[in-house]
Amino acid sequence: DRGGRQRVIMDTQRTALYDYHKSLGAKFVPFAGYEMPVQYSSGIVEEHKITRSNAGLFDVSHMGQLLIEGNESLSDELEKIIPVDLKKIKLNQSKYSFLTNEKGGIYDDLIITKVDKGFSIILNAACKDNDFKIIKNSIGNKFKLTLYKNLSLIALQGPKSSKILETIIKGVSSLKFMNGNNFSYNDKKIYVTRSGYTGEDGFEISIPNELVEEITKKIVSKGARLIGLGARDTLRLEAGLCLYGHDINETTSPIEANLKWAISKRRREEGGFVGYSKIKSDMNGSLTRLRVGVKPEGKIIAREGVKIFSEDNKEIGSITSGTFGPSVNRPIAMGYVKLNFSKLGTKVLLEVRGKKHKAVISELPFY
């Protein structure tokens, strides 16, 4: 009804770059409560290839930027809900991790960075408000939590990203992967990390809203292209990276998701975090399913929800992400299968539109 549609429009948020996206002919879609560009006039495949060969710039300002300020005891409190060895993490070093729940599931996956005042955490857009509550309830009132509304986040990705960004922000090319630092742009402090979500070299830049359009235009003037959510999805899937709410969720343990590597060795051995009993059980032999790569034969695209069968037609799992990979020039997918069907090279069947199609369990990443 009209009232319902009006409420949706009123509730939908826009990033500080919305007008710039619109001026470039972006096609928008609702995503995690925001109106986000899914593609520009050149299309998803072309944007994907530009990122792989040159440099693509993504507006990811819908993500949550959370700062938690505190003393040394903050590490102890955060380790109760995040399975990273925060005592060993170095200043300005970033780690991929997650918020776990009592059943060993994943509330959200995140990037946590040790900064001068405490820890900075990048949260998924759809989860950020709930994450804030979970973290606040866990660590109590001893520490200051700030979920920024006045900061934008842009991601420059691709083989030429370092060369381009160095001409604008001196010193960024010396950053090591999964490390960051404070830099200056027009006498304003910005924070840059060398990281990303595409499988390419790249940077994520946290910058005040009032400066983001200026710096975005400058990066574009140096040769980068604006890239939408469509190509972001094909790029991350080729790289074998999970999308929260699809490949991982509150019912998925990190071990099932093939993310054991993201739990620090000390934390795997000692535990002490929410959901550890389930995760320890999965590590010690109770695991029944595993996230795997899947390569369909031919041109068939297996989307989320497609059922996976064994060669003798027994249902063994389902697809969680699937698309055509422009860089590998073939259909690719990820999903969960019963553990005894997870071996590389295992032949399976995918049920797409009522018909069974051949596929094989593949290693990740695809690219």
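## A helix across the sheet

Let's start with helix H3 (residues 44–53), which lies across strand E3 (56–59), strand E9 (151–157) and strand E13, running at about 120° to E13. Please keep in mind that this is a predicted model.

## The six-stranded sheet

Strands E3, E9 and E13 belong to an open sheet of 6 strands, with the order E10-E11-E12-E9-E3-E13 and mixed pairing. At its edges are strand E10 (180–185) and strand E13 (225–227), each of which pairs on one side only. From one strand to the next, the twist averages 30°. In general, strands of a sheet pair through backbone hydrogen bonds, either parallel or antiparallel.

To see one pairing in detail, follow edge strand E10 to strand E11 (residues 188–193): the two run antiparallel and are joined by 6 bridges. If you would like a residue pair to look for, Asn-182 has Tyr-191 in E11 as its bridge partner.

## Two nonpolar cores

Some of these strands also contribute to the largest nonpolar core, which has 29 residues. Within this core, Leu-165, Ile-169, Val-192 and Ile-219 have the most contacts. At least two residues each come from helix H2 (18–23), E9, helix H6 (161–166), E10, E11, strand E12 (202–208) and helix H7 (209–221). H7 gives the most, with 4 residues.

Val-192 is a handy place to look around. Setting aside neighbours within four places in sequence, Val-192 is in contact with Leu-165, Ile-169, Val-172, Leu-175, Asn-179, Gly-180, Asn-181, Phe-183, Phe-203, Glu-204 and Ile-205. Another core, of 20 residues, lies apart from the largest one and includes Ile-81, Ile-89, Leu-99 and Phe-119. In soluble globular proteins, nonpolar side chains tend to be buried together.

## Backbone details to check

Two asparagines are worth a look for their backbone angles. Asn-258, in the loop between helix H8 (229–238) and helix H9 (265–270), has a positive phi of about 65° although it is not a glycine. With 38% relative accessibility, Asn-258 counts as partly exposed, because that class covers values between the 20% limit for buried and the 50% limit for exposed.

Asn-313 sits in the loop between strand E15 (307–309) and strand E16 (315–325). Its phi is also positive, near 70°, in a residue other than glycine. The relative accessible area of Asn-313 is 44%, so this residue is partly exposed too.

Finally, Leu-364 and Pro-365 are joined by a cis peptide bond, with omega about 0°. You will find Pro-365 in the segment after strand E19 (355–362).

Note on methods: Residues numbered from 1 in each chain as written. Predicted model: local features only at pLDDT ≥ 70, side-chain atom pairs only at ≥ 80, totals over all residues. Heavy atoms only, no water. Pairing = 2+ DSSP bridges. Axes fitted to C-alpha atoms, helices over the stretch in contact; angles between N-to-C directions. Contact = heavy atoms within 4.5 Å. Buried < 20%, exposed > 50% of the residue type's maximum accessible area, 1.4 Å probe, protein only. Core = buried A, V, L, I, M, F, W, Y, C linked by side-chain atoms within 4.5 Å.
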